[in-house]
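Visitor: I am new to this structure and should be grateful for a close look at one part of it, the surroundings of a ligand. Please begin there and then place that part in a wider setting.

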Amino acid sequence: MEKLIFNFKSSFSKTKTNPKHILGGKGANLAEMERLGLPVPPGFTISTKVCDLFYKNKKKLPKIITRLIKKEIHLIEKNTKKKFGDLKNPLLISVRSGARVSMPGMMDTILNLGLNDKTVLALEKKTLNPRFAKDSYRRFIQMYGNVVLGIKEYNFEEIIENYKLTKGVILDTDLDADDWEGLIKNFKDLIKGKTKKKFPQDVNEQLNGAISAVFLSWNTNRAKVYRKINQIPADWGTAVNVQAMVFGNMGNNCATGVVFTRNPSTGEKKFFGEYLINAQGEDVVAGNRTPRHITIKGRLDANVKELSMEETLPKVYLQLKKILNQLEKHYKDMQDVEFTVENNKLWMLQTRSGKRTSKSAVKISVDMVKEKLISKKEAILRIEPNTLDTLLHPTLDEKVKKEVIASGLPASPGAASGKIVFSADEAERLNNMMQDTILVRIETSPEDIHGMHAAKGILTSRGGMTSHAAVVARGMGRPCVSGTSQIDIDYKNKLFKTSEQIVKEGDIITIDGSSGKIILGEIPTVKPEISGDFSKVLGWADEFRKLKIRTNSETPLDTKTARDFGAEGIGLCRTEHMFFDEGRILHVRQMILSKTIADRNNALDKILPYQKNDFKEIFKIMSGLPVTVRLLDPPLHEFLPKSEKEIIEVANSLKLTEEEIKIRINELHEHNPMLGHRGCRLGISYPEIYEMQCRAIFEALVENKKQKIKSIIPEIMIPLISSEAEIRILKELVIKIANKVQKENNIKLDYLVGTMIELPRAAIRANDIAKHADFFSFGTNDLTQTTFGISRDDSGKFLNDYIENKIFEIDPFISIDKGVGELVALATEKGRKQNKKLKLGICGEHGGDPKSIHFCARIGLNYVSCSPFRIPIARLAAAQAALIKK
Ligand code: PEP
Ligand code: MG
């Protein structure tokens, strides 16, 4: 039969499976510490497989498991020379959760199990310490009552606090054995009152109850939410560790503590930790006693008088120091360790890789390479790419208290505070007056771009992670929270409502685009510092990666940022974003509203110089590198005036009647614009628009060349192709204009023509399309939308339900879905077969997602393209992809 329970001393074949998958992180590391000969209290791990069996067995421990557990308890009894439930020398045990990855505070723990009304007396006799025995028993009742019997913790705390008040003491340590005796009685009464049952006295019943509770805690709401945020699959389950108790609360030569081998916030190579004399583990984190520093240096740096462990327990400290160094060398990583000192004897209760800030992660990796503890390759693999985000954006000051009023999707990282405004114009007006704003919209449209630029942050109540607001905000590096369905926006009265309050225009809020939180008032932010270590790590990443990293960018500012972050070209320049600036939009509207080709050409002539100048500027910044320019993609109605005021304005300047404009708007209205007259379909209907754009690109090249600016190689990209004929016709159009401009200027220009693959048909018929394309760029935003038939702009409303019901493990607009991935792989294979020189890249939002980057590396794309602020992340993820095949 498969082994389901593992003694810490039993050997585990690491070659077969990662021990953490079976034993959980805590169990695997306890066994490892035991193997290293460190002082670990005896115990065993009930494997994660049992968690599965438990749920399959109607949330009950199978009989076979209870039998195996009994056997293991006997082994602990032998080892400790104590007996479980014994009336002379009782064995007490701890029961702790331990999943594959640590989920701090998410699941349950029970200490001092095995105490009852009789064993507590035995413990008292044995230790000659009545206070300790009673204190341990009340802690057990409290934990068991809370975790297993479901009584809220505050009920117990209230009893203790009231008692302390009547006794006139402040600290728990001021209570003696008699006090605890009385409180134990009160606790038991509380339990009887709430559960109608007596507190269990049978130690085996206690043990089964505790183990079951730990398994059940895998599915508490908080654990589920944590798993969702951290993308931890629900089927991993948790292991349970059962271990002999050691006591840090038996007197003043006892202690308990937590220590990191390096500073988890800064990465500094100094022990960083806290301990408490005469206490048990939970006291350190509970906050009712202030823990003390581990080292003299630590307490001096913090200007604290209370003695450190190095001073109060010097011998034990030296032993601990040796073990910490040994553990760090062994695991080659910063460790987060829990220990207990029982009567001057040190016991190790846990070690794990310490959670750290990204700043600290980068510093520790670089330092460990310098210390020759790890290789560059290991350093690269250590850093979670997504966490680098926090190094690139301002973050909220963790020390400040916050009133969170709603949460949405963390669409674009960083934090920002400002007065709320409900229109782009107002954001711009206040920006001109040097006032910070948060632009609040139900959803944004390209017309809001100026306001999005002017605002410090963007908040929408609708739209997913690839909605307009999300994509544009990420591109701009603006913090954005999208799809906040908990707020109800009322444009008319200029306010939004949450379930509890009304927030009006002008009120100040803070949004945290990294967590999706909306907070009332202004919260100070901490500015990012891109240290030397950060660029060193990215430099190492560049040595390993095979994928090139480009950026999605259309403004000089974003392009400059991207190049500074290491972009190796532009993978997507969305030209329509250039149409919205003031001075141009009117001509764009004129072009759309024109009834004759002559009128349209007239308007296009006015737009041409603007586009050309934009291109010149961008090409200059990216000189020497490839730049993919996409011809006009979105449906034309997006550019049309919407409000009455705008319609009048346009009518006046175009010398048309309001009525004529309204008729045209009606004509252009589409029921499903995302599947309507957009992309190359516009080029087919109105070739003169694409002709103007091509002319702008080629003339920009010519003018830069004349000014001796090192050229770029333009890659002209035709969007939304689904058939061979479309690309054939439009490629001819590009070539025609290129030839014209070359002839007019007597200059030879290099350029490529290619397409986006963003429709399933295009992927399936990629061989046909590749006959006419120099490159493919996978537009996975639209490809995901069209493969699933799920609107990228509306999915925010129901995707959560899909994730909760485990239909999607993760939002397919964030991380590439298997089915969409198969289409990408198919098109890659078919395309390359047809055209060996075909260049392949991705420019959907997935281009900045580490998991999707692994996929792109695996199928052999040439590059990924992402928004400027994700470039460092993509560089690191691409290196990791080259180093491991996920
Ligand atoms: C895409 O569809 O993936 C893409 C990059 O184009 P857009 O987001 O502009 O539709
Ligand atoms: Mg698209």
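Visitor: How far is an oxygen atom of ligand 1 from an N or O atom in the side chain of Arg792?

Guide: The two atoms are 2.7 Å apart: an oxygen atom of ligand 1 and an N or O atom in the side chain of Arg792. This is a polar contact, that is, a pair of N or O atoms within 3.5 Å. The model is predicted, so local features need pLDDT of at least 70 and side-chain atom pairs count only at pLDDT 80 or more, while totals for chains, interfaces and linings use all residues. Residues are numbered from 1 along each chain as its sequence is written, chains are lettered from A and ligands numbered from 1 in the order in which they are written, and side-chain values use heavy atoms, with hydrogens and water left out.

The backbone also reaches ligand 1. A backbone N or O atom of Asn781 lies 2.6 Å from an oxygen atom of the ligand, and a polar backbone atom of Thr780 is 3.0 Å from an oxygen atom of ligand 1. Taken alone, ligand 1 exposes 290 Å², of which the protein buries 95%; such areas come from the Shrake-Rupley method with a 1.4 Å probe. Two elements give two or more residues to the shell around ligand 1, namely strand 27 (570-574) and helix 31. Helices (H or I, at least four residues) and strands (E, at least two) are DSSP runs, numbered from the N terminus. Helix 31 supplies the largest share of the shell, three residues.

In total, 14 residues surround ligand 1, and the closest are Arg574, Gly779, Asn781, Asp782 and Arg792. A residue belongs to these surroundings if one of its heavy atoms lies within 4 Å. Sorted by class, the shell holds seven charged, four polar and three nonpolar residues. Here Asp, Glu, Lys and Arg count as charged, Ala, Val, Leu, Ile, Met, Phe, Trp, Tyr, Cys and Pro as nonpolar, and the others, Gly among them, as polar.

Asp782 leads on to the magnesium ion, ligand 2. The protein donors of this ion are Asp782 (OD) and Glu758 (OE), which lie 2.0 to 2.2 Å from it. Glu758 sits in the loop between strand 30 (752-757) and helix 29 (760-764) and Asp782 in helix 31 (residues 780-788), so the pair ties together parts that are 24 residues apart in sequence. Donors are N, O and S atoms within 2.8 Å of the metal (3.2 Å for Na, K and Ca); water is not among the atoms, so sites may look incomplete. Both Glu758 and Asp782 are buried, where buried means under 20% relative accessible area, exposed over 50% and partly exposed in between (1.4 Å probe, protein chains only).

Strand 30 also borders another loop. Between helix 28 (724-745) and strand 30 lies a loop that contains Asn746. Although not a glycine, Asn746 has a positive phi of about 55 degrees. Most residues other than glycine have a negative phi. In contrast to the buried Glu758, Asn746 counts as exposed, at 72% relative accessibility.

Lys58 offers a parallel case elsewhere in the chain. Its phi is near 55 degrees, a positive value in a residue other than glycine. Lys58 belongs to the loop between helix 2 (48-56) and helix 3 (63-80), and is exposed, with a relative accessible area of 74%.

Key. A polar contact is a pair of N or O atoms within 3.5 Å; within protein, one must be able to donate a hydrogen and the other to accept it, and residues adjacent in sequence count only if both atoms are side-chain atoms.
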